Every structure is written in structure tokens, then in C-alpha cells.
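Visitor: I'd like a quick walk around this model. Could you show it to me first?

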Amino acid sequence: MSAGYIISFVIYLITAFIMIGIGGSNLRSKTPVGFYSGIKPPKEEELTDVPAWNKKHGMMWVLYGVTIMLSWGIGFIIGDSVWCLLPLCSGVVLPVFLMIWYHHSLIRRYHQEDV
């Protein structure tokens, strides 16, 4: 294993652990969690089910961390080829768009209309 593989593994591992940590924090939170860093989380009275909201957001972040590690593993299996960049990059970037879509579907599901 070359130094490049080790360095990339450490970077992906740290990144994955950060995402999993965000997910764990969301799962344990008693107050509503936010998704974007620049947007305030909804208030408790704005949501129909705060524990479900937090659980679904937390699991989303945990799955993102796992996806990051899986993308590194697939890239490692492909080896020293330009094709290894496909899973490495898509495992980090594509899930973000899915997470944004899922967050908006959670807003439609748990946000109260009359608040």
C-alpha cells in the first residue's frame, strides 16, 4: 500500500467520522436539529414529531459517513486507475444532493402548516 492510499484513507476516515458524529449528535438531541449550517433549526412547536425529525436527520448523516467510507473502499479496489476517482468523488458529492432532497421531504412531512 502506497503512501497516497494511506493518506487518502486517513482523510476519508476522519471525514466519515465527522459525519457519523454529526449523526450521533442529531440522534441524541432532545431539541430539533438543523440541516444546513447557516439556517436555524425549526422550533419544537413548528414540528409534528421532534424525535422522528431528529432520528431521520441523524440516520441521514450516519449513512453519509458510511457512504464516504464505502466509496473509498471501492476506489481502493479499483486501484491505480483514473476510474478510481469515480467512486471516490461520487461517494462524497452525490449523497449531498440526495440529503438535500431528503431534508426537504422531511420538512413537508413534519412541518406544521398552521404555525
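Visitor: Which residues make the nonpolar surface patch of about 850 Å²?

Guide: Bear in mind that this is a predicted model, where local features need pLDDT (the predictor's confidence in each residue, from 0 to 100) of at least 70, side-chain atom pairs count only at 80 or more, and totals for chains, interfaces and linings use all residues. Numbering runs from 1 along each chain as its sequence is written, and side-chain values use heavy atoms, leaving out hydrogens and water. The patch is made by M1, I6, F9, V10, I14, I18, I22, F76 and I77.

Visitor: Which helix gives the most to that patch?

Guide: Two helices, α1 (3-28) and α2 (50-78), each supply at least two of the patch residues; helices here are DSSP runs of H or I, at least four residues long, numbered from the N terminus. With 6 residues, the top contributor is α1.

Visitor: Is I77 buried or exposed?

Guide: I77 sits in helix α2. Buried means under 20% relative accessible area, exposed over 50%, and partly exposed in between, using a 1.4 Å probe and protein chains only. I77 has 71%, so it's exposed.

Visitor: What about N26, and which residues does it touch?

Guide: N26 is in helix α1 and, at 7% relative accessibility, counts as buried. Contact means heavy atoms within 4.5 Å. Skipping residues up to four places away in sequence, N26 touches V33, N54, H57, G58 and W61.

Visitor: Where in the chain is confidence highest?

Guide: The chain's mean pLDDT is 92, with 98% of its residues at 70 or more. Helix α3 (residues 85-110) is lowest at a mean of 93, and the highest, at 95, is α2.

Technical notes:
Patches are made of residues with over 30% relative accessible area and no salt bridge: like charges are joined within 9 Å, nonpolar side chains (Val, Leu, Ile, Met, Phe, Trp, Tyr) within 5 Å. Accessible areas come from the Shrake-Rupley method with a 1.4 Å probe; for residues, only the protein chains shown count as cover. A salt bridge is a side-chain nitrogen of Lys or Arg within 4 Å of a carboxyl oxygen of Asp or Glu.
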